[in-house]
Amino acid sequence: MTMNERKTIELEQGWEYMQSGITKLKNILEGLPEPQFSSEDYMMLYTTIYNMCTQKPPHDYSQQLYDKYKLAFEEYIRESVLPSLKEKHDEFMLRELVRRWGNHKVMVRWLSRFFYYLDRYFIARRSLPPLHDVGLTCFKELVYEVVKEKVRDAVISLIDQEREGEQIDRALLKNILDIFVEIGMGSMDQYENDFEQAMLDDTAAYYSRKASNWILEDSCPDYMLKAEECLKREKDRVGHYLHSSSETKLLNKVQNELLTVYASQLLEKEHSGCHALLRDDKTEDLSRMYRLFSRINRGLDPVSNIFKQHVTGEGTALVKQAEDAASSKKAEKRDTVGPQEQVFVRKVIELHDKYLAYVSDCFQNHTLFHKALKEAFEVFCNKGVGGSSSAELLATFCDNILKKGGSEKLSDEAIEETLEKVVKLLAYISDKDLFAEFYRKKLARRLLFDKSANDDHERSILTKLKQQCGGQFTSKMEGMVTDLTLARENQTSFEDYINNNPDANPGIDLTVTVLTTGFWPSYKSFDLNLPAEMVKCVEVFREFYQTKTNHRKLTWIYSLGTCNINGKFETKTIELIVTTYQAAALLLFNASDRLSYSEIVTQLNLNDDDVIRVLHSLSCAKYKILNKDPATKTISSSDYFEFNSKFTDKMRRIKVWLA
């Protein structure tokens, strides 16, 4: 038989055959005993549709078959699906819905194959909805729209049961919620409008009830533990059965009810709030607080404010403590920095270490907390203690670390670490120039009197200061250190000069430190009448220096000089380490046994203040090299002085420093 002679299939006849195939499919879906479709069955059904759609008009039944395709679904839903759903409730109804939806998708898949020719040609030409969509729309309109509210309520009820600790079938919920997504056929409208919004409202109400009880019953740490656990479980819930798009919305609801609503109450709880956690060093709870409050809008603002208040309070308490200690030591001179001030700086460093670690470990280096720490330290780091400014305290603290015999006994690594911390504290000092002045004066004393313990540490702190405050801040200090290096080279050249010029020998050992004016602090320069022994030294060095440069003028600062002289006493000779002023005064007694105060002033050509200090150190202090008449503890212009030939000491070498 040729193509043209093919027998025409009438609509009723063809549909009756198709109906038998659809009934077979329904029986299989309903679990009735029915053999599976063979490939011959499938081909016959497909071919029947093909033939009915390719017959010449008026026997092209494409439109009628398209309508009957939809009708097949509607009949099946009304006869089998809806009755089975209506007789079940709650979880059983959900299970039946999952089964029916699964069956429906199978039915759509098979019927779409049988009617495939419609999809390929008729639907494409007419711009009609494809067969797959028609099948799903039937379920949506006839089943989903009828049961969606019951389903939604049942799902939400199960979620709340799970929140209360009951075991639920998570796989069932996942399958149900997939229906809400799939029924949208590419849109999330059904999931969001028919389920998600109600679920979010229920979540808010649920956690609002919980929070209102917890905030009254629990401490801040216990409340936060519960809140964090709830957030973890809700996130977990999304992973198991809610759609991933719900995560942010869901967590925002929970955060709002548990944290935003009760933020102030929680942070300010009297015995367990943020203040108490800081006071009791509860770092784990503070880390949790950061994690929770960083989730909510501007949630960290009050936490950082409390942190700032707490640190300010602790620092201010340290200042008061140091002030009290300083004022109780009335015997000490007010212009000296005592050990209690040193202790204060050490405690401030420890405080900074502690709360910098909090910022790093508990608050994840968040800029808000760095700012809070900075502002807190600026408050109390600029308060003075015992009459000394914070700039002076820091400079003195550094001096104690860097000088020989300082009160801070530290390893090289500890010194480096401590200097690093001091420089960090300097960032909080408002008057950094004042620190620079104090530091420069103390650096000068360390360098000039050979009191610096380690040149590397001196250079290291200058590098740190330069990084913190800029090159201009340290330029003079760096010049001072360089001057000392050059001075050592200069001294070597001077010694070579003396060795090569026997006539230039000054007769006594002489070390001269040449400094650059401008780098160093200003020192008073008096025209001290040098003893003859010293005059020659000055002349020899001046001649040597002129061989090196004609452009520089030497100004001698005798107040900074030291001398080692031999005191020949009756019992033994003792080497005396004294200042140049003291040496000049003592050498006067080589020519005179007894001198009046006024004679000493005239011969030394110094002002009264300096002469009084010199004579006091030699006659009234620990070592009485001179006898004073009258033997009082103070110096007056009517006093007389004699060399104390009977002086002795168990040491063969002693330092007689000016007070």
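This passage looks at the domain layout and the internal cavities of a predicted model.

Going by the domain assignment, the chain splits into domain 1 (11-184), domain 2 (306-326 + 337-484), domain 3 (485-558) and domain 4 (561-655). Domain 2 is written as two segments, 306-326 and 337-484. Between the C-alpha centres of domain 1 and domain 2 there is a gap of 80 Å.

Next come the cavities. Searching the whole structure turns up three of them at 30 Å³ or more. The largest has a volume of about 80 Å³, and its lining is made up of Phe344, Val345, Val348, Phe380, Cys381, Lys383, Ser390, Leu393, Leu394, Leu425 and Ile429. Three elements, α15 (339-362), α16 (367-381) and α17 (390-402), each give two or more residues to this lining. In chemical terms, the lining of the largest cavity comes out as nine nonpolar residues, one polar and one charged; Ser390 and Lys383 are among the residues found there.

The second largest cavity holds about 60 Å³ of space. Around it sit Leu447, Asp455, Glu458, Arg459, Val481, Leu484, Thr485 and Arg488. Here α20 (455-469) and α21 (471-500) each chip in at least two lining residues, with α21 giving the most, at four. The make-up of this second lining is three nonpolar residues, one polar and four charged. As for the domains, Leu484 and Thr485 both belong to this lining, and the assignment ends domain 2 at 484 and starts domain 3 at 485.

Conventions: Residues are numbered from 1 along each chain as its sequence is written. This is a predicted model: local features need pLDDT of at least 70, side-chain atom pairs count only at pLDDT 80 or more; totals for chains, interfaces and linings use all residues. Side-chain values use heavy atoms; hydrogens and water are left out. Domain bounds come from an automatic or database domain assignment. On a 1 Å grid over the protein atoms alone, a cavity is a set of points where a 1.4 Å probe fits but cannot get out, and a pocket is an open set with protein on both sides within 12 Å along at least five of seven lines; lining residues have an atom within 4 Å of a point. Grid points are joined across faces, edges and corners, and a volume is the space filled by probe spheres set on the points. Ala, Val, Leu, Ile, Met, Phe, Trp, Tyr, Cys and Pro count as nonpolar, Asp, Glu, Lys and Arg as charged, and the others, Gly among them, as polar.
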